[in-house]
Amino acid sequence: QSAIFLTKGELERAKRHIKVPEKIIDFLPNGIDGHWFEEVEPIKCGVLTVGRIETFKGQIAVAEACAKLGLKYTCIGEIIEKSVEDRLRELGTVILPPMTAQELKPYYAGCDLFVLASRAELMPLSVMEAAAQNKPIVLTKECEWDIPVFRCENTVESIKTQISLALMQKDGGKFYDMVKEMTWDKVGEQIQKVYETVIVTGK
């Protein structure tokens, strides 16, 4: 037997419902397709967030921080809450509809940094996609993924501070190096090793 989890938080939630013996636990990350690393003609979009447009994702606080800093802010994703859309537009945010991977990639390539100010996140694929284009990342501390990115509180001032710091870094730093090792072929090899251990040893 083997039980694979993304984060320790995911494991703890599973333990609330089922018994998970320590000896069968493995932690493996999500994978990312290699095409996200390809160079493309960038579309300049300033600070970028990709995901559902709703209160939970925290775009309004990011928009307010960007307004104070005089930065362009772009949100790409499905509009879930009209009130959030309305407030974002009041703050000058550029709102674009959901896109395919090939349509999204130029925006990742053209952003100055990627921000996801959600109230809770596990291991967001949008963060991996932005990192694959070697961009600085700002996440709230509520994201469970233990990665070397800029961390903010769910407040405008904290987001503003971390955006300013991320802009000085200019690239993805250590996290970019991490993501390069997380393509699906490499993650697949790790998963295969877990399966082989189960089959051979009966773990």
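**Note on the predicted chain: surface, helix packing and one buried glutamine**

1. The chain exposes about 10500 Å², and carbon and sulfur atoms supply 53% of that area. The coordinates under discussion are those of a predicted model, and each of the points below should be read with that origin in mind.

2. As to overall make-up, the chain contains eight helices and eight strands, and of its 203 residues 44% count as buried. Among the contacts in the chain with a separation of 6 or more, 65% are accounted for by residues 24 or more positions apart.

3. The pairing of helix H2, residues 59-69, with helix H6, residues 156-169, deserves a closer look: their axes come within 8 Å and cross at roughly 60 degrees. Because an angle between 35 and 65 degrees falls outside the parallel and perpendicular classes, H2 is described as oblique to H6, and the crossing of the two helices is right-handed.

4. On the H2 side, the contact with H6 is made by Ala61, Val62, Glu64, Ala65, Cys66, Lys68 and Leu69, while H6 contributes Val156, Glu157, Ile159, Lys160, Ile163 and Ser164. Sorted by residue class, the participants in this contact of H2 with H6 divide into eight nonpolar, one polar and four charged.

5. Helix H6 also holds Gln162, a residue that is not listed here as part of any helix pair but that can be placed by its surroundings. Gln162 has a relative accessible area of 15% and is therefore buried, the cut-off for that term being under 20%. Once its neighbours within four places in sequence are left aside, Gln162 is in contact with Val138, Phe150, Arg151 and Cys152.

6. A second helix pair is formed by H5, residues 125-132, and H7, residues 173-180, which pack at an angle of about 105 degrees with their axes 9 Å apart. Because angles of 65 to 115 degrees count as roughly perpendicular, H5 is assigned that relation to H7.

7. The contact between these two helices involves Val127, Met128, Ala131 and Ala132 of H5, together with Phe175, Tyr176 and Val179 of H7. The residues of this contact of H5 with H7 divide into seven nonpolar, no polar and no charged, whereas those of the contact of H2 with H6 include four charged and one polar.

Technical notes:
Residues are numbered from 1 along each chain as its sequence is written. This is a predicted model: local features need pLDDT of at least 70, side-chain atom pairs count only at pLDDT 80 or more; totals for chains, interfaces and linings use all residues. Side-chain values use heavy atoms; hydrogens and water are left out. Axes are lines fitted to C-alpha atoms, for helices over the stretch in contact, and angles run from 0 to 180 degrees between N-to-C directions. Helices (H or I, at least four residues) and strands (E, at least two) are DSSP runs, numbered from the N terminus. Angles under 35 degrees count as roughly parallel, over 145 as roughly antiparallel, 65 to 115 as roughly perpendicular and the rest as oblique. Contact means heavy atoms within 4.5 Å. Ala, Val, Leu, Ile, Met, Phe, Trp, Tyr, Cys and Pro count as nonpolar, Asp, Glu, Lys and Arg as charged, and the others, Gly among them, as polar. A crossing is left-handed if the near helix is turned anticlockwise from the far one by less than a right angle, and right-handed if clockwise. Buried means under 20% relative accessible area, exposed over 50%, partly exposed in between (1.4 Å probe, protein chains only). Accessible areas come from the Shrake-Rupley method with a 1.4 Å probe; for residues, only the protein chains shown count as cover.
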